[in-house]
Structure formats: C-alpha cells, structure tokens
Amino acid sequence: TEIDPSLPMMLSPFLNSGASTADTERVWKEVFAIADFREGDIFCSQDSIGAGFITMDELDGYFAAMKAAVDTEPGLVFWANNEDFTTDYGTASLDRFVRQMEITDKYVTGHVTFAYSHYYHPDMGKKSYHEQYKHYYETGEIG
C-alpha cells in the first residue's frame, strides 16, 4: 500500500473441513468485521481439494459459506484458488480440476490456481496436461 495504493491486496487462505461450514462463515465474518480491506482487495480462498482438506462433495457448501462472509465486506472481491495437484503431489486430472472450477465459479468473479507452473506447465515435463488444458480453455471441452 505504501509503494502503490492502487494495487489490490490478495489474501488466499486454505479451508479445512475440520470446521463446519457454519463455523467457517462465522469466523470469516468476524475477521472481515475487524479487517481493514480496501475496495478491490481480493479474498481468494484456496479450494483445498488438492491438499485433501475438503472433499469435492463439501466444496459447494464451503464456498457458499465463504461467499456469505465475503458479502459482508463492501468492496471485497471473491476469487477461487483452485488446486491442480493431488495429495501425493501429483498432477490432478483435468476433469477433476475443471469440476472444482465449475463448483466454485458460481460464487466467485475470478480464478487462480496453485500451481500451474508446477503441475501443468510444459517446461516442467507436463506437456500433455498443458495441451489438455489449452484445448479445454479454447473449446470448453475436456478430452
């Protein structure tokens, strides 16, 4: 902020199903009530699928809870940080990765991922994953 106040700040915490969706929503509402976010700052919750902290079946409920909390902070932007890896640090299949984005998309205005440069980038020996994702990006089709 001191260097360039026009740049937004992004916060990207993880989720953990050890807390209920109701507790998650309550805690983040409390954080937002005392935090000093500026108009345009970005709350970019990790979906925690890759880390195994949330299951795909739980993802919608947790992002709904996070959205409800974010909506209490005027001007705060909500994005998803979709994880493209597996719990054993392998590359997630494209169909799983796309499913995560489909679930979170109804709650957020943008997506980032951790970490394309590790798990999908051709320079990391992941040319086939990169080509699959590129095809999906250009056509909306998996496969």
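Visitor: How many bridges join S1 to S2?

Guide: This is a predicted model, and in it 2 bridges join S1 to S2. Pairing needs at least two bridges, so S1 and S2 count as a pair. The two strands run parallel. Leu11 stands opposite Phe43 in S2.

Visitor: What makes S2 and S3 a pair?

Guide: Strand S2 covers residues 42-46 and strand S3 covers residues 77-83, and 5 bridges join them. With at least two required, S2 and S3 therefore pair. They run parallel. Phe43 has Phe78 of S3 as its bridge partner, Cys44 has Trp79, and Gln46 has Asn81.

Visitor: How do you know that S3 and S4 pair?

Guide: By the count of bridges again: there are 5 between S3 and S4, in the parallel sense. That meets the requirement of at least two. One of the partnerships joins Glu83 to Phe114 in S4.

Visitor: In what order do the strands lie in the sheet?

Guide: The order is S1-S2-S3-S4, so 4 strands form an open sheet with parallel pairing.

Visitor: Why do S1 and S4 stand at the edges?

Guide: Strand S1 (10-11) and strand S4 (110-114) each have a single partner strand, so one side of each has no neighbour in the sheet.

Visitor: Where do the side chains of a regular strand point?

Guide: In general, the side chains of a regular strand alternate between the two faces of the sheet.

Visitor: How do you know whether S3 is enclosed or not?

Guide: Count its buried residues. A residue is buried if its relative accessible area is under 20%. In S3 that holds for 5 of the 7 residues, so S3 is largely enclosed by the rest of the structure. S2 is mostly covered as well, with 4 of its 5 residues buried.

Visitor: How does the chain cross from S2 to S3?

Guide: The path from S2 to S3 goes through helix H2 (residues 56-70), and this β-α-β crossover is right-handed. Two further units can be listed. S1, H1 and S2 make a right-handed β-α-β unit, and S3, H3 and S4 make a right-handed one too.

Visitor: What makes H1 and H2 parallel or antiparallel?

Guide: The angle decides. Helix H1 (residues 21-34) packs against H2 at about 25 degrees, with the axes 8 Å apart. Angles under 35 degrees count as roughly parallel, so H1 is roughly parallel to H2. The crossing of these two helices is right-handed.

Visitor: Which residues make the contact of H1 and H2?

Guide: From H1 come Thr21, Thr24, Glu25, Trp28, Lys29 and Phe32. From H2 come Gly61, Tyr62, Ala65, Met66, Ala68, Ala69 and Val70.

Visitor: Why is Thr24 called buried or exposed?

Guide: Thr24, in helix H1, has a relative accessible area of 7%. The limit for buried is under 20%, so Thr24 is buried. Leaving aside neighbours within four places in sequence, Thr24 is in contact with Leu15, Ala19, Tyr62 and Met66.

Visitor: And what makes Pro5 buried or exposed?

Guide: Pro5 lies in the segment before S1 and has a relative accessible area of 57%. Exposed means over 50%, so Pro5 is exposed. Pro5 and His135 are 130 residues apart in sequence, and their C-alpha atoms are 38 Å apart in space.

Visitor: Why are H3 and H5 called oblique?

Guide: Their axes cross at roughly 40 degrees and come within 11 Å, helix H5 being residues 127-139. Roughly parallel would need an angle under 35 degrees, and roughly perpendicular 65 to 115. The angle fits neither class, so H3 and H5 are oblique to each other. Their crossing is right-handed. In this contact, H3 supplies Leu94, Phe97, Val98 and Met101, while H5 supplies Gln132, Tyr133 and Tyr136.

Visitor: Where does H3 lie, and at what angle to S3?

Guide: Helix H3 (residues 94-105) lies across S3 and S4, and runs at about 165 degrees to S3. Angles over 145 count as roughly antiparallel, so H3 is roughly antiparallel to S3.

How values were computed:
Residues numbered from 1 in each chain as written. Predicted model: local features only at pLDDT ≥ 70, side-chain atom pairs only at ≥ 80, totals over all residues. Heavy atoms only, no water. Contact = heavy atoms within 4.5 Å. Axes fitted to C-alpha atoms, helices over the stretch in contact; angles between N-to-C directions. Buried < 20%, exposed > 50% of the residue type's maximum accessible area, 1.4 Å probe, protein only. Right-handed = clockwise from strand over helix to strand, strands pointing away. Left-handed = near helix turned anticlockwise from the far one by under 90°.
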